[in-house]
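Subject: Model for you to look at

Hello,

Here is the structure I promised to pass on. Please open it and read the notes below alongside it.

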Amino acid sequence: MSLFQDAVKVGGAALEMRVRRFASLIRATDPELAQAAASCVGAGATRSLLSTMRTPPVDGDTKLPLVRVEPADTPRQEPLLGTIERTEIQRVIRERQATDRLMEAGYTPVRSVLMSGPPGVGKTMTAGWLAKQLDLPLVTLDLASVMSSYLGKTGANVRAVLNHAQTHPCVLLLDEFDSIAKRRDDDSDVGELKRLVTVILQTIDDWSPLSLLVAATNHGELLDPAVWRRFDVTLNFSLPGHAQRAQLLRAHGVGEELADGIGAVTEGQTFSVIFRAVESARKQTILEDKPFDEALAAWALSVTAKPAQSASQYERQRRDLQVLVHHGRQMSAREIAEVMDISHTTVIRSLNRFHRSVNVGT
Ligand SMILES: Nc1ncnc2c1ncn2[C@@H]1O[C@H](COP(=O)(O)OP(=O)(O)OP(=O)(O)O)[C@@H](O)[C@H]1O
Ligand SMILES: [Mg+2]
């Protein structure tokens, strides 16, 4: 018993995993020993033991931190996700929360997640949400910035971060993960780079479930299929559709109808851009006394004006949004017609056109 306790203290996470595996292997033949071994390890015990260990790694030369550490209690919002992504994220959370039970039964919970998708659709936000749900700090390593420095140093830095995350429970986010693939085009340092990529991939293979490894990239297509296969869970985030854009707007306090109207005309916009537009419109209300709904509708119109769009199409969208702004203020169709100096039929048509587009959805 004390042998196991001492060993776990010295060996940290990697050894703890072995003790757990050992316990599950011998459970059938020697339940007593299995019980003794299992009692020496446990997420809580290991966590408090390890939290007293080293501080986050720093660059050897500059002594600047290599990672950004955000504590487990950082306030976070739940990202809006598509059905597939949401189901997978819930599975990750469920498995991680049941680590002990799964390991006792001889299974390993999800250890690694690869998220790919365009900028501003919630990859970082999802990593943060996972950390929050698992009550772990989020440790972020930006591979793009670390890979841009001298490679010999890069290798040491990346290894230091990976080792740190393997002994300190956390969600480790390897951001801009495609940077490890991109540098292959550069023929200087090839040997060193290959070694580093091998180390990273090997580390993913041997990753201990103590921490959750999350890799994020905007360029999933640059990664080898062999890299994709190494991750337990892979997620493809895409640009939000009409319904999701409207959902985000509603979540940020935009009225139902206007949210749907703006959602309909902002095809191609990311969650991040839409969120910033809401913030900017709120600031305009404070600084310029501009009504929030008008400021937001003006933004939507500015991003919707495509070069190929005819003047009449643009004019129609402008009118539709204006009608929705008024309608959102509880004005009747007649009142709207009057203030906008258009016919009652035109107002009704605008509302109908909009309702049709909402029903069809995207
Ligand atoms: N799925 C989402 N649900 C709700 N809000 C979102 C979502 N995605 C992005 N946002 C908003 O946009 C901001 C930026 O998103 P985030 O940093 O997660 O994007 P990203 O996919 O990591 O982009 P990048 O590839 O540029 O790193 C978030 O803080 C949030 O306000
Ligand atoms: Mg990000």
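Helices here are DSSP runs of H or I with at least four residues, numbered from the N terminus. On that numbering, helix 6 (123-134) and helix 14 (271-288) each give at least two residues to the shell around ligand 1. Bear in mind that this is a predicted model.

The ligand site is what I looked at. Ligand 1 occupies the largest pocket. Around ligand 1 there are 15 residues. Leu80, Gly120, Lys123, Thr124 and Asn218 are the closest. Two domains contribute to the shell: domain 2 (68-236) and domain 3 (242-360) each provide at least three residues.

What is the make-up of the shell by class? Nine residues are nonpolar, five are polar and one is charged.

Now the contacts, atom by atom:

- Gly122: a backbone N or O atom is 3.0 Å from a nitrogen atom of ligand 1.
- Thr124: an N or O atom of the side chain lies 2.8 Å from an oxygen atom of ligand 1.
- Met125: a backbone N or O atom sits 2.9 Å from an oxygen atom of ligand 1.

On its own, ligand 1 has 630 Å² of accessible area, and the protein covers 77% of that.

When you go through the site, start with Thr124, which is among the closest residues and makes its 2.8 Å approach through the side chain. Then compare the backbone approaches of Gly122 and Met125.

Best wishes

Definitions and conventions: Residues are numbered from 1 along each chain as its sequence is written. Chains are lettered from A and ligands numbered from 1 in the order in which they are written. This is a predicted model: local features need pLDDT of at least 70, side-chain atom pairs count only at pLDDT 80 or more; totals for chains, interfaces and linings use all residues. Side-chain values use heavy atoms; hydrogens and water are left out. A residue is near a molecule or strand if one of its heavy atoms lies within 4 Å of it. A polar contact is a pair of N or O atoms within 3.5 Å; within protein, one must be able to donate a hydrogen and the other to accept it, and residues adjacent in sequence count only if both atoms are side-chain atoms. Accessible areas come from the Shrake-Rupley method with a 1.4 Å probe; for residues, only the protein chains shown count as cover. On a 1 Å grid over the protein atoms alone, a cavity is a set of points where a 1.4 Å probe fits but cannot get out, and a pocket is an open set with protein on both sides within 12 Å along at least five of seven lines; lining residues have an atom within 4 Å of a point. A molecule sits in a cavity or pocket if more than half of its atoms lie within 2 Å of its grid points. Ala, Val, Leu, Ile, Met, Phe, Trp, Tyr, Cys and Pro count as nonpolar, Asp, Glu, Lys and Arg as charged, and the others, Gly among them, as polar. Domain bounds come from an automatic or database domain assignment.
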